[in-house]
Amino acid sequence: MHPRRAPTECLGCGHTIETREGTAAVTQKCPFSYTPPMPERRPAGTGTISLLKRMRRDFLSIWADSDFRDRVMTTWILRRKVVIANSPDAVREVMVTGNANFERKSPQMRRALEYLLGDGLFISDGETWKQRRPIVSKVVQRQHLRAFSAIMVDSASAMADGWQLLEAPRRVDMLGEMAALTADIIGKCVFGRGVSREDAREIIEGFTTYQEHIDQTNLGYFFGWDEGWPVRKNKAVRRAAERVRKVVDRLIDDLGTPRADGASMLALMATGDGDASAAMNREALINEAATIFMAGHETTAATLTWAWFLLSEAGWAEEKLHEELARVLGGRPPTFDDVASLTYTKAIIQETLRLYPPVPILARQVKETRPVHREPAKKGGLALVCPWLLHRHEIYWEAPNAFQPERFLSGPPPTNVYVPFAVGPRICPGAQFGLTEAILCLATLAQRFRPTLAPGHVVEPQCRLTLRPKGGLPMLLNVRDAA
Ligand code: HEM
């Protein structure tokens, strides 16, 4: 179908402009504000079967206009009640004060990832989570970040060198490029700088294939099985999980070999990072290494990909970025110490995470019936916190759908509304790592290249395990003047 163009009000600033409709995404272009693509909203009165079909296709297409205004919503999907916490108070009740009742991940998430991650932190709860969380947090958090930052800049610089060698017009799939970059970085941080290309490729391909073949809907849960149905472990899923776990298992054998390349997260977890009582056994090490690799690679890749897209469409923001990079770095590669001065670069990343949160839905299985903002969340049902809704909520944001990095320069974002890393005890332990990585990679690459969207390509957001541009993001890499 050809897109239809119609005069409408800009969702960003209210000016009358043309809106392109008729594709799965709505796109607006206004000279005063940029409103990037978002999925069409669900028509009022959609039945359960159509809703399930929409969920299977894309979790972001299930929301109606009113969901971006309401503070708490409820719905039944077959035999399950779903409560959606959509205000700061409701989010606090689920994720912070009520965490003990809502800590368990949804059966969809647990079942989809269990073959790959075992009882890894992302999907564990109870005692296992309590024991492992401190050590995993410690190895990915601040104290090792300076050393890991050097890996981030080296990897991004090597990617820029590779881009330089491409033949003009240097057409790339930016999603693939950013996935390779962040996988290289997290691979070296988790397994050590010495991890071989073959092992890295084996792990990356294993993860990609696994995600392509896994089903996240789990109808069994909605029909009444509290634990959901085991996901059909077809040949592709089994082989993909085996590929990853086999390489990690072998890399653990290498840990005894002294290395000159500094501490890897794997080595730190194996020894308890200075606390022998926190040291992990082999099975736990495999599960947590796979978890960190998965949690820390996809999310940052999606963030960087969306940032490149937004910059290519909002020329004014790209100019401000280049101005800041020239002023702070003067053409040299960034370091960990520069991150604090790259305030506009950081605002671009924060605004990207607001508009396109890599984890747009956080789903928890309710332990005991309990109210969320006076609405009973039923035992066994689901409580959802959706960054996708909260980040575009009409009560808490001005021009919620517009790309405006400046909004992050004037103070902290609203508490329990801006939640790209979740909140409460299960907040992402890699938040600082991910932010630093995105800032350093953007700063390194944007000094040398100005990527533009491939002519004629229409971008559509799609949520599988993470929120990405459907089918990738073809871009042309324009080399920036040395001056
Ligand atoms: C921009 C990048 C990132 C984003 C947006 C992000 C987002 C999130 C979110 C929303 C959660 C909570 C999920 C839930 O409660 O259902 C989470 C958990 C987690 N993330 Fe991240 N993450 C990012 C980067 C990283 C990095 C770089 C690492 C590791 C180096 C990491 C490791 C983890 C782990 C281990 C968990 C599970 C924590 C737990 O359940 O206790 N993440 N992340």
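# Exercises on a predicted protein model

Among contacts in the protein between residues at least 6 apart in sequence, 70% join residues at least 24 apart; two residues are in contact if their C-beta atoms, placed from the backbone, lie within 7 Å. The model is predicted: local features need pLDDT of at least 70, side-chain atom pairs count only at pLDDT 80 or more, and totals for chains, interfaces and linings use all residues. Residues are numbered from 1 along each chain as its sequence is written.

**Exercise 1. Describe the overall dimensions and content of the protein.**

Solution. Begin with the secondary structure, which comes to 16 helices and 15 strands. Helices (H or I, at least four residues) and strands (E, at least two) are DSSP runs, numbered from the N terminus. Next, consider the radius of gyration, which is taken over C-alpha atoms. For 483 residues a compact globule would have a value near 23 Å, and the 22 Å of the protein agrees with this; the globule rule is 2.2 Å times the number of residues to the power 0.38. Along the principal axes, the C-alpha atoms fill a box of roughly 65 × 60 × 45 Å. Finally, buried residues account for 46% of the 483 residues. A residue is buried if 20 or more other C-beta atoms lie within 10 Å of its own, exposed if 12 or fewer, and partly exposed in between, with C-beta atoms placed from the backbone.

**Exercise 2. Determine the setting of Trp306.**

Solution. First locate Trp306, which is found in helix H12. Then count its surroundings: Trp306 is buried because 29 other C-beta atoms lie within 10 Å. Leaving aside residues up to four places away in sequence, Trp306 touches Thr352 and Tyr356.

**Exercise 3. Characterise the shell around the ligand.**

Solution. Of the 25 residues around the ligand, Gly296, Thr299, Cys428, Gly430 and Gly434 come nearest. A residue is near a molecule or strand if its C-beta atom, placed from the backbone, lies within 6 Å of it. Two or more shell residues are given by each of helix H5 (126–140), helix H12 (282–313) and helix H16 (431–446). The largest share, seven residues, comes from H12. By class, the shell has 16 nonpolar, seven polar and two charged residues. Here Ala, Val, Leu, Ile, Met, Phe, Trp, Tyr, Cys and Pro count as nonpolar, Asp, Glu, Lys and Arg as charged, and the others, Gly among them, as polar.

**Exercise 4. Analyse the open sheet of three strands.**

Solution. The strand order is E7-E15-E12, with antiparallel pairing; two strands pair if DSSP finds at least two bridges between them. Strand E7 (171–173) and strand E12 (449–453) stand at the edges with a single partner strand each, so one side of each is left without a neighbour in the sheet. From one strand to the next, the twist averages 40 degrees. E12 and strand E15 (residues 474–479) are joined in the antiparallel sense over five bridges, and Thr452 stands opposite Leu476 in E15. Helix H7 (residues 174–191) lies across E7, E12 and E15, at about 65 degrees to E7. Axes are lines fitted to C-alpha atoms, for helices over the stretch in contact, and angles run from 0 to 180 degrees between N-to-C directions.

**Exercise 5. Analyse the open sheet of four strands.**

Solution. The order is E5-E6-E11-E8, with mixed pairing. Strand E5 (72–77) and strand E8 (362–365) are at the edges, each with a single partner strand, so one side of each lacks a neighbour in the sheet. E5 and strand E6 (residues 80–85) run antiparallel and are joined by six bridges. The bridge partner of Trp76 in E6 is Lys81.
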